[in-house]
Structures are given as structure tokens and as C-alpha cells.
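Student: Can we go through this one together? I'd like to start with how its helices pack.
Tutor: Fine, here it is.

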Amino acid sequence: KFTTKLPEKPTYISTPIFYVNAKPHIGHLYSVVLADSIKRYHELKGHNVILSTGTDEHGLKIQQAASANRKSPQEFCDEDLFNRANISYSKFIRTTDERHKEAVQVFWDRLVAGQYIYKDVHEGWYSVSDEAFYPESQIRAFTDPSSGENYMVSIESEQRVVWMKEENYKFRLSILRDKILQWLEEKPSVIVPEFRVNEVKGWLESGLTDLSISRASSRVGWGISVPGDPEQTIYVWLDALINYLTVTGFPWSNDTRDTMLSNGWPADLHVVGKDILRFHALYWPAFLIAANIPLPRKILAHSHWTMGKQKMSKSRGNVVDPFQLLDLYGVDAMRYYLMRDGGIADDGDYSEDWIQERYRKELAGQLGNLLSRCTSATVNPSQHIPPKPAKSTSEDIILHQKLIELPDLIDQCYDEAQFRKALDLITNTLAEANKYISDNQPWILVKDPGQAELFDEERRWDAAKFGKGWPDQNNLSRHLGTLEKVLFPPLRK
Ligand code: ME8
């Protein structure tokens, strides 16, 4: 039908949902700032964007943390951190939400209807910390250096594994191997950075075994029951991944392609840490194929923050408290540092010295300095945005041309997830603009009586161009000058 209008598909970006078994740390903040930065970028382009985040509140790990603390684990709340860090999320989901439970059970029923689920006795090495079974080939013996205790650990995550045997429901993951491979072949840029695709293909080539997707409720009661079998609790990772559908209103009221699209699905981008790529690039597409739901359009797997080159993690205890840093350096400076020095392809090593370095040299030294130089009353007594000069020198033209080209270069960086490079380009341009100001010394130019006429002309040009749009044009420095002081006050330490 020619008259059918395509539904507007909002751009849908998600973060992982975070376990609530310990206080949030800077790695969590990183995933979310990254997603928020991409969201704001799309908004600048005029897109309608959904950003979802939330908390993963089920599973054995959370259950154990809750009983150890004798309280509900919901008290460790990432939402406070994200609000403090000015994250502009549009949906905050908790897996304990009633509507999520409904979505998970409907999804389960679809897997049953497609004959992807069967019951079997499952035994193997299980890591509570990773909430995953590992095959024999992926574990090794380990001796705890402090206690001398011997036990087995996962080679990949280095987390302790224990032998577990019980009757579970299993998902026919093995038969979906070729379909996942085909998806990766057809959409080579679905996983960013690109080299991670080979990692995923490597996992596929070593073969896929069926996946245990439930746990005995007597052992893991902290979760959503299998529909029609309360003796079994749905595996926390199946439950958690479905959050991405729950936030789009799944099960969609009338299950048509239009409702799905207008609610945001398929996701345009899942931002995840590299530690959970297996779940997002193998299990999630497999579950979706089985449930006959379109696959996400992109998965960005970022690297980790390390400290002294060791992964920063709750279980290792080498974590940095993000609240303290936000108080000390301010929200924007911390967000800037995370985007500037955080790793996409390679890990980023955390250093407070570098927060200070970036703050002093780039934020206060370049951006703040340029802002005050352009807006201060001594340099800009008319307090107007000057018009394009009638005559330009070759330096004017070069800098102006660079400014014109910058947005396209930044677009390219955002397309390729090269955020560090984008910020490099911006700071380099700020440095050039500062140099241009030092070279031209407007504080001397302004005293030249020949300039007075020019300022009058500026006023007329401003009024015509901006009308009432620009906030109080007659008082640039009041607005921007104070903004600069609020943004980048001198560091206390
Ligand atoms: O994995 N550096 O939750 P989680 C950078 N609930 N990012 C880090 C990091 C570090 N050192 N440590 C953690 C889970 N992260 C699941 C996800 S999604 C359906 C379920 C980031 O609380 C990284 O993105 O253990 C990681 O994947 C995320 O925090 C969640 O950590």
C-alpha cells in the first residue's frame, strides 16, 4: 500500500544492567557514560533516542550477597550514581519489575513453542561469580596464594568454579551455530571493534553445546520461575538479556512489525564490556532467532579499566569509588576523563594523576581559557558574537576551514567508536584557536579606535542573525564567564 507510512523508529541504545551485589564502581560508570555520550551525539543530530539502563537483581550471586548482608541487595543502587553523573537515561529497568517478569515468561513460552527447550540432567563446572558453566577445556587448577587452598578456576575470568549436577531445562544452542555464523558473515560490522568478531567466530568454531537455562529453585530461588514449573528458576542471564526487550514494551500489544519498530526494537546499539561479549554475541542472538525476533543492529564491546594493569573488579577489590571522584573533580570533568582515556580496543589504566592532567591542560587550560578569552569584557567589550570579518588573513581562513571540517571528522570517529580520537581532534583544534588568539592579541586590537565602527556593525549583524535566540546577547561574559568558573574551578589538590 503506497499510503502506509513507515513508523518512526527511535534510535535505541542500551547499557548492560548491573549486578546489585556490591557498590557500583568506575567501570560501571564508564559503560553508562559511553552509552550516554553516544545518545547525546545522536540527539545533536536530531534523532529521537531511547537510552536504557538498569539493574540485574536475580541469580545466585545476588542471593548470596543478600543473605551475607541480611538485607535486600537493592540497596546497592546504581541509579543514584547515574543520576549523580548526569546520565540522561530514558528507561531504568530492574529485573524485579513485574512487567519484566511477564516479558521473560512470554519469551520462555516462545522458546517452548519453537521446541528449543528440553529437560536434561546437567553437570559441569559452575562459576557463581560469572553465573556460567564452563567446559573442562576452559578451566584450570589454582592455588590461592594467601590461604594455600587448591581449587579450579575459569581460565577466561579466573573465577572459582565448583562441580554442579542437577536436572535443568536446556536450550538447543548447538543447532543455532550456523545461523549465528551466517549473521556475522552477512553483517561484518555488527560487532565493534571489528577484531572482536574473530573472537566470537573462534567460539563458534570450537563448537556450541546446548545451554542450561534454569536452576533448581531449591538452590536458586532468587529469580523468575519457569512457567508451569515452580521447581525451576530461569537462568539469570536469559532473564537479564530479555531486559532489552522489556524496556521496549515487549510483549508488544499487537505483535506486528510496526509496533515493534515504533517501540524501538531492534536495538540500534548494545554497549557492553568485553567480559560479557559471549552472552551478547552468542547467547542473545541465539535466543532471539529461536523466539523469531529480529537481532540487534550493533554491539559495542569496550575494554576494561585496569589499575596497575590488573582488571578493576568488585571481586578483586581494586575498585575506585566514583562518587568521591565526582565530588572532587565535578561531573563533566569525570565524564570527560572516562571518554578521553577509557579503552575501546585496549584496556585503559586508571590514574588520578591523569584526571588532573586532563583537567588542568585540556579543560581549564584549553576549553576554559578559550571561552574566557572570547567572552571577557576586556577582549569583547561589545559582548557580542562577532560577525565574519570582511577581510580575512590566511591564518583566519585556515582555522575557519578546520572548524568547518571538524564536525565531519567527529562523525566519522563516532561511527567507528573512536572516541579518544574525537576528543584528540577537538582538543587540538582548541589549542590552535588559543594559539590564534595569542598570535592576534585581540586585547591590543580592541583598543584600536578603528575597531569601534566594527563593533557597531557587529551589533546589527547579531540582532539580525540571532534575534532573541542567543541568551542575553548583550551579556556574553556574564553567561559564559560564570559557566567557565562553575565548570572548571581551580583544582583543590
Ligand atoms: O555483567 N572496566 O553486570 P556487572 C570497564 N549483570 N567496565 C567494567 C569494568 C571495568 N573494570 N568492570 C565492569 C553484569 N565493567 C551483568 C550484565 S547485561 C544483560 C547483564 C562494566 O555488574 C562492563 O560493561 O558485573 C560490564 O559488562 C558491566 O560493567 C556490568 O558489570
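Tutor: A definition to begin with: helix axes are lines fitted to C-alpha atoms over the stretch in contact, and angles run from 0 to 180 degrees between N-to-C directions. Keep in mind that this is a predicted model.

Student: At what angle do helix 13 and helix 15 cross?
Tutor: The axes of helix 13 (residues 352-375) and helix 15 (residues 419-440) cross at roughly 45° and come within 10 Å. That angle makes helix 13 oblique to helix 15.

Student: Left-handed or right-handed?
Tutor: The crossing of helix 13 past helix 15 is left-handed.

Student: Which residues make the contact?
Tutor: Helix 13 contributes E362, Q366, L367, N369, L370 and R373, and helix 15 contributes T427, L430, A431, A433, N434 and I437. By type, the contact has six nonpolar, four polar and two charged residues.

Student: New topic: what is the strand order in the open sheet of three strands?
Tutor: The order is 11-13-12, and the pairing is antiparallel. Strand 11 (214-216) and strand 12 (225-226) each have a single partner strand, so each has one side without a neighbour in the sheet.

Student: How many bridges join strand 12 to strand 13?
Tutor: Two, and strand 13 covers residues 229-234. In one pairing, S225 has T233 of strand 13 as its bridge partner.

Student: And the ligand, which residues come nearest?
Tutor: P16, G27, D56, G273 and H304, out of 21 residues around the ligand. The shell divides into 11 nonpolar, seven polar and three charged residues.

Student: Which elements each supply at least two residues of that shell?
Tutor: Among them are strand 1 (11-19), helix 1 (26-44), helix 7 (236-241) and strand 14 (269-273).

Notes. Residues numbered from 1 in each chain as written. Predicted model: local features only at pLDDT ≥ 70, side-chain atom pairs only at ≥ 80, totals over all residues. Pairing = 2+ DSSP bridges. Helix = DSSP H or I, 4+ residues; strand = E, 2+ residues; numbered from the N terminus. Near = placed C-beta within 6 Å. Nonpolar A, V, L, I, M, F, W, Y, C, P; charged D, E, K, R; others polar. Parallel < 35°, antiparallel > 145°, perpendicular 65-115°, else oblique. Left-handed = near helix turned anticlockwise from the far one by under 90°. Contact = placed C-beta atoms within 7 Å.
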